[in-house]
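Trainee: I should like to take a close look at a single part of this protein, namely the core and its aromatic rings. Could you take me through that part and then through its surroundings?

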Amino acid sequence: MVQVIKVMNNSLILALNDEGKEVILMGKGIGYKKSIGEDVDDSQVEKVFELTDNKMKRDFLKLAVDTNSIYFELASQIIKYAIDTYQMEIVDYLYLSLTDHIAYCVQRILENVSISNYYLREMKKLNPNEFDVGEYGVKLISKTIGIQIPRDEIGNIAFHFINGQSNREKSMANLEIEKITKNVLHIVKLHFNLTYDEDSFAYSRFCSHVQLLAQRIVSAQMVEDKEDFLVESIKSNCKKEFECVQKIVHYLQTSSNITLTEQEQMYLTIHVHRILEK
């Protein structure tokens, strides 16, 4: 029998399997009233994560502490829909990145911060299966959380599935997204003379946000500028981070003739600030 080592939240537990190896078990309510050493009923287990390295364990533990278990359950349901409906071969890390994305999405909406997506029609045409999963996800999140998730969010969720399949060939667009992501990370690293802890969840989260930015750039769907008092506030309160972002602005302008909107610069400044805090 599998035994509980640590209850991470209502949806996740760290356990010891029959072979004496640590695994993370996911399931709705699987951690509710569980005690250390208690056996786990197989019927409660929806997904088993075999911990081949400590990074996965640390990232799960970090996200479990910071994130309400409902977001793990939502991510799991959306991924299950993708697997059942389209037989997608999903990489384990998508469970983490999608959970984090949903939590951040809900936070943004509650704070009245919206990110428009102008590429929905093209994405639906080029990636119909992933688009449908994004559409299912938006409806499920709206119904479960009780707030209206904008239709624009379909594309952001779909993008996670475009990149989260182990058997998917990379398109030219995805190769360009990878290039921009790599270069942006390198600029931040050089500007602050950082040594990234690539095993940390903070780094993985930062990479995800930069990838989403790159996706918006490549698909010509950047957040449009609008009157926003936060822009000037962030410029003055995060001067070093904003200075770094200006180097990224220059790189995009000179390499690809892309002008990063002020709204995108603001969001990127916030994410650079967050990675520096960690």
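Mentor: What follows begins with the core, turns to the aromatic rings and one helix, and ends with two glutamates. Please keep in mind that this is a predicted model.

The largest nonpolar core has 44 residues. Within this core, the residues with the most contacts are Phe60, Leu98, Ile102 and Phe161. Several elements give two or more residues to it, among them strand S2 (12–16), strand S3 (22–26), H1 and H2. Helix H3 (93–110), helix H4 (120–126), helix H5 (128–145) and helix H6 (153–163) also belong to that list. The most is given by H3, with nine residues. For Leu98, setting aside neighbours within four places in sequence, the contacts are Ala75, Ile78, Ile79, Ile157, His160 and Phe161. A second, separate core has 28 residues, including Ile177, Ile180, Val188 and Tyr251.

The aromatic rings come next. A pair of aromatic rings is described by the distance of the centres and the angle of the planes. The count comes to four aromatic pairs. In one of the pairs, Phe49 and Phe60 are tilted, with 4.7 Å from centre to centre and 55° between the planes. Phe49 belongs to strand S4 (residues 47–50) and Phe60 to helix H1 (residues 54–66), so this pair ties together parts that are eleven residues apart in sequence. Both Phe49 and Phe60 are buried. Another tilted pair is formed by Tyr196 and Tyr203, at 5.0 Å centre to centre and 50° between the planes. Tyr196 counts as buried because its relative accessibility is 13%, and Tyr203 counts as buried because its relative accessibility is 13%. Ring pairs also link Phe49, Phe60 and Tyr95 into a cluster. Over the face of Phe49 lies Lys47, at 5.5 Å from the ring centre.

Helix H2 was named above as one of the elements that give two or more residues to the largest core. Helix H2 (residues 69–86) has 18 residues, and from its first C-alpha to its last it reaches 26 Å, close to the 26 Å expected at 1.5 Å a residue. An α-helix has 3.6 residues a turn, so residues three or four places apart point the same way. The buried residues of H2 include Ala75, Ile78, Ile79 and Ala82; Ser69, Tyr71, Phe72, Glu73, Leu74 and Ser76 are buried as well. Of these, Ala75, Ile78 and Ile79 are in contact with Leu98. At the start of H2, a side-chain oxygen of Asn68 comes within 2.9 Å of the backbone nitrogen of Ile70. After H2 comes Gln87, with a positive phi near 50°.

Two glutamates complete the account. Glu130, in helix H5, counts as buried because its relative accessibility is 5%, which is under 20%. The side chains of Glu130 and Gln165 are joined by a polar contact of 2.8 Å. Glu176, in helix H7 (residues 172–192), is partly exposed, with a relative accessible area of 26%. Leaving aside neighbours within four places in sequence, Glu176 is in contact with Val218 and Ser256. Glu176 and Gln215 are 39 residues apart in sequence, and their C-alpha atoms are 8.7 Å apart in space.

Methods
Residues are numbered from 1 along each chain as its sequence is written. This is a predicted model: local features need pLDDT of at least 70, side-chain atom pairs count only at pLDDT 80 or more; totals for chains, interfaces and linings use all residues. Side-chain values use heavy atoms; hydrogens and water are left out. Helices (H or I, at least four residues) and strands (E, at least two) are DSSP runs, numbered from the N terminus. Buried means under 20% relative accessible area, exposed over 50%, partly exposed in between (1.4 Å probe, protein chains only). Contact means heavy atoms within 4.5 Å. Rings of Phe, Tyr and Trp (its six-membered ring) pair if their centres lie within 6.5 Å; planes under 30 degrees apart count as stacked, over 60 as edge-to-face and the rest as tilted. A charge sits over a ring if NZ of Lys or CZ of Arg is within 6 Å of the ring centre and within 35 degrees of the ring normal. The expected span of a helix is 1.5 Å times one less than its number of residues. A polar contact is a pair of N or O atoms within 3.5 Å; within protein, one must be able to donate a hydrogen and the other to accept it, and residues adjacent in sequence count only if both atoms are side-chain atoms. A nonpolar core is a set of buried Ala, Val, Leu, Ile, Met, Phe, Trp, Tyr and Cys residues joined through side-chain atoms within 4.5 Å.
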